[in-house]
Amino acid sequence: MNSSPRYDTVWTDARLATMAPGRPGLGVIEDGAVAARDGRIVWVGRRADLPAGDAARTVDCGGRWITPGLVDCHTHLIFAGDRAGEFEARLAGATYQEIAAAGGGIAATVAATRAASEDDLVAAALPRLDRLIADGVTTVEIKSGYGLDLASERTSLRAARRLGEIRDVGVATTFLGAHALPPEAKGDREAHVAAVLAMLPRLAAEGLIDSVDAFCEGIAFMPDQVARIFAAARDLGLPVRLHADQLSNLGGAGLAARFAALSADHLEWTDEAGVAAMAAAGTVATLLPGAFYMLRETKVPPIALFRAHGVPMAVSTDCNPGTSPMTSLLLAMNMAATCFRLTVEECLLGVTRHAARALGLAAEIGTLEPGKRCDLAIWSISTPAELVWALGALPLHARIRGGR
């Protein structure tokens with residue numbers, strides 16, 4: 001009886017950056033191999049140590065690097081219209097807050113998105129998603145938040161789900177009903193919070209929500225209002241994440257920690273108390289250098305405090321129509337290194353292991369380890385630093401999802 005292992009695919013002659021927590025740094029294995037069966041990794045290690053077995057397919061990687069498939073853990077891919085005019089206004093000196101007060105910003109995208117059909121939203125988002133895929137992304141988080149009423153939020157979330165059916169990519173959906181005030185609220189934040197609380201259980205019952213987000217800021221929603229939304233999400237068994245401390249410190253990081261949020265995102269104004277609370281709660285800090293860059297901010301997130309307190313840092317594109325119209329996760333890493341002084345190791349862990357954790361998917365993706373889904377990115381590079389350094393490069397050789 002043949003008891004040798006059976007493999008669907010084995011990738012050999014590869015240099016592996018496993019990102020596995022049990023290994024130092026990037027978890028590098030020289031002259032490595034990865035074996036998969038039924039869409040899962042079953043073995044990772046030195047090629048010489050690969051247990052002899054039957055492989056339906058063997059792929060010689062020619063000495064290329066393999067990392068986990070990249071994870072973009074904070075995007076707003078579903079929207080209609082554009083806001084290039086606001087970019088011009090900011091160049092002329094207008095602030096983000098002034099543009100919002102004049103009816104621009106998120107409100108402008110809401111009008112365009114409400115006028116679009118589900119098919120329109122899918123068609124508009126596909127080119128953005130394809131550019132992320134070309135950067136080696138195998139999992140992407142997609143928020144709603146440009147509909148702000150039940151029908152439009154439902155349409156946006158359905159469009160996000162469809163993207164994961166049309167393309168071979170994992171999609172995690174986030175309900176961001178508390179993103180901004182819609183025009184019908186007439187400035188009444190409490191009225192819109194009540195509307196969000198009514199939408200939440202209905203959309204959750206339809207299976208459209210993987211997590212719940214909110215924008216906690218002076219131009220959006222106050223901490224006590226966000227807390228009510230998060231309490232409702234908790235009652236439904238849904239994890240939360242938070243746009244926190246981007247433009248001011250309202251204690252958003254601490255609020256996120258109080259609800260054991262998967263992540264708190266932006267965090268330019270977070271103080272040490274907020275960082276310590278995140279560390280205690282296990283909340284990931286998701287850094288969004290694209291918005292920092294586009295808004296020409298000068299207040300850098302407290303990177304040294306995150307390091308000192310052991311808070312894992314994810315990096316994401318924050319792809320959105322106004323403040324971060326970026327569709328390259330490799331560029332986001334370069335910005336994180338250049339603007340925030342992250343190391344190459346921190347950037348790469350930030351788009352793999354820590355990004356997976358920010359989505360609550362650390363058991364499934366983000367590292368090259370047995371049992372994980374076989375999501376791989378194979379790169380034509382000489383060193384992983386090239387992925388952070390090479391502006392505008394297209395180094396992806398092959399992208400594997402679920403072993404295919």
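Helices here are DSSP runs of H or I with at least four residues, strands are runs of E with at least two, and both are numbered from the N terminus. The model described below is predicted. An open, parallel sheet of eight strands and a total of 22 salt bridges are among the features covered. Several individual residues are then treated in turn, including the buried D318 and two non-glycine residues with positive phi, M19 and K186.

**The eight-stranded sheet**

- The strands follow one another in the order β6-β7-β8-β9-β10-β11-β12-β13, their pairing is parallel, and the sheet is open.
- The edges are taken by β6 (70-72) and β13; each has a single partner strand, so one side of each has no neighbour in the sheet.
- On average, and with direction ignored, neighbouring strands of this sheet are turned by 25° against each other.
- Within the sheet, β9 (residues 211-216) and β10 (residues 241-244) run parallel and are joined by two bridges.
- In this pair of strands, C216 has A244 of β10 opposite it.

**S211 in strand β9**

- S211 is located in strand β9, and its relative accessible area of 3% places it among buried residues, because buried means under 20%.
- The side chain of S211 makes a polar contact of 2.8 Å with the side chain of T174.
- When residues up to four places away in sequence are not counted, S211 touches T173, T174, F175, P239 and R241.

**D318, a buried acidic residue**

- D318 is situated in the loop between β13 (313-315) and α12 (329-340).
- Although D318 is buried, it has no salt bridge. What is the nearest side chain of opposite charge to D318, and how far away is it? That side chain belongs to K143, at 7.2 Å. The separation does not qualify as a salt bridge, because such a bridge needs a side-chain nitrogen of Lys or Arg within 4 Å of a carboxyl oxygen of Asp or Glu.
- A polar contact is nevertheless present for D318: its side chain and that of H76 are joined at 3.3 Å.
- Apart from neighbours within four places in sequence, the contacts of D318 are H74, T75, H76, H266, L288, A291, T323 and S324.

**Salt bridges**

- The structure holds 22 salt bridges; three of them are described individually here, namely D8 with R6, R404 with D168 and R373 with D375.
- The side chains of D8 and R6 form a salt bridge with an N to O distance of 3.2 Å. D8 is partly exposed at 27% relative accessibility, and R6 is likewise partly exposed at 44%.
- In the salt bridge between R404 and D168, the closest N and O atoms are 3.1 Å apart. R404 belongs to the segment after β15 (396-400), whereas D168 belongs to the loop between α5 (150-166) and β8 (170-178), so this pair ties together parts that are 236 residues apart in sequence.
- R404 counts as exposed, with 59% relative accessibility, while D168 is partly exposed at 30%.
- For R373 and D375, the closest N and O atoms of the salt bridge are 2.9 Å apart. D375 is buried, with a relative accessibility of 4%.
- D13, D31 and R47 are joined into one network by salt bridges that share partners.

**I106 in helix α3**

- I106 lies in helix α3 (residues 106-114) and is buried, its relative accessible area being 10%.
- I106 and V140 are 34 residues apart along the chain, and their C-alpha atoms are separated by 21 Å.
- The residues that I106 touches, with those up to four places away in sequence not counted, are R83, Y96, G145, Y146, H179 and A180.

**Positive phi at M19 and K186**

- Most residues other than glycine have a negative phi.
- M19, which is not a glycine, has a positive phi of about 60°. M19 is in the loop between β1 (6-17) and β2 (28-37).
- K186 is also not a glycine, and its phi is positive at about 50°. K186 is placed in the loop between β8 and α6 (189-205).
- Is each of these two residues buried or exposed? M19 is buried, with a relative accessible area of 0%, whereas K186 counts as exposed at 75% relative accessibility.

Methods: Residues numbered from 1 in each chain as written. Predicted model: local features only at pLDDT ≥ 70, side-chain atom pairs only at ≥ 80, totals over all residues. Heavy atoms only, no water. Buried < 20%, exposed > 50% of the residue type's maximum accessible area, 1.4 Å probe, protein only. Lys, Arg positive; Asp, Glu negative; His and termini not counted. Polar contact = N/O pair within 3.5 Å; in protein donor to acceptor, adjacent residues only side chain to side chain. Contact = heavy atoms within 4.5 Å. Pairing = 2+ DSSP bridges. Axes fitted to C-alpha atoms, helices over the stretch in contact; angles between N-to-C directions.
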